[in-house]
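Biologist: Please take a close look at one part of this model. I would like burial, contacts and charge pairs in one connected account.

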Amino acid sequence: KQWYQRRVAITAGTDELTPVDSVTALFKSADWAEREVWDMYGVYFAGHPDLRRILTDYGFEGHPQRKDFPLTGFTEVRYDNSLGRVVYEPVEVAQEFRRFELDMPWELFPNYREAPAHLLEAQETAEEVKPEK
């Protein structure tokens, strides 16, 4: 009821194939939340009256908040002036933007890299000149 000002949080565990029962019969306001969870994460709600996408396009493939969804997506959307409409194209990542340094990945971190000789000499001289308190 409105005057009690209470909220209900429901937590349910499921896997990829097992649907979760819908609570829209009890709580009408759960309709949008369940549709959003379906759209973003792909959790199917059994018994939901209108389970369709609300945040992505109807032709959208996949669920963008899942860990198995690629960061670049599957398709690229742009407006083509010559055709006068929106065009969907597969994503193409240029090879020069990728880095394949798999031999020694720890060398990317400065703590595991050897410092140049001139920096080591400067550090040694700074330690020698340090005044004692």
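Modeller: Start with burial: a residue is buried under 20% relative accessible area, exposed over 50% and partly exposed in between, using a 1.4 Å probe on protein chains only. The model is predicted, so local features need pLDDT of at least 70 and side-chain atom pairs count only at pLDDT 80 or more, while totals for chains, interfaces and linings use all residues. Residues are numbered from 1 along each chain as its sequence is written, and side-chain values use heavy atoms, with hydrogens and water left out.

Confidence comes next. Mean pLDDT (the predictor's confidence in each residue, from 0 to 100) is 78 for the protein, with 71% of residues at 70 or more. Among the elements, strand β2 (residues 45-46) has the highest mean, 94, and helix α2 (residues 117-129) the lowest, 69. Elements are DSSP runs numbered from the N terminus: helices are H or I with at least four residues, strands E with at least two.

The part I choose is helix α1, residues 30-41. It has 12 residues and reaches 16 Å from first to last C-alpha, close to the 16 Å expected. That expectation is 1.5 Å times one less than the number of residues. A30, D31, E34, R35, D39 and M40 are buried in α1. An α-helix has 3.6 residues a turn, so residues three or four places apart point the same way. The buried residues of α1 pack against β2, where contact means heavy atoms within 4.5 Å. After the helix comes G42, with a positive phi near 85 degrees.

Now the approach to the helix. V23 sits in the loop between β1 (20-21) and α1. It counts as partly exposed because its relative accessibility is 21%. Beyond four places in sequence, V23 contacts I10, A30 and E34. Its C-alpha is 9.4 Å from that of A46, 23 residues away along the chain.

What charge partner does buried D31 have? It has no salt bridge; R35, the nearest side chain of opposite charge, is 4.4 Å away. Lys and Arg count as positive, Asp and Glu as negative; His and the chain ends are not counted. A salt bridge needs a side-chain nitrogen of Lys or Arg within 4 Å of a carboxyl oxygen of Asp or Glu. D31 does have a polar contact of 2.9 Å with the side chain of H48. Such a contact is a pair of N or O atoms within 3.5 Å; within protein, one must be able to donate a hydrogen and the other to accept it, and residues adjacent in sequence count only if both atoms are side-chain atoms.

R35 is buried, at 5% relative accessible area. It forms a salt bridge with D50, closest N and O atoms 3.7 Å apart. This pair links distant parts of the chain, α1 and the loop between β2 and β3, 15 residues apart. D50 is partly exposed, at 28%. D50 also meets R52 in a salt bridge, 3.0 Å from N to O.

The same loop, between β2 and β3 (75-80), holds R53. R53 counts as buried because its relative accessibility is 12%. Its side chain makes a polar contact of 2.6 Å with the side chain of D39. A polar atom of that R53 side chain also lies 2.9 Å from the backbone oxygen of G62. Among the residues R53 touches beyond four places in sequence are R35, Y58 and F60.
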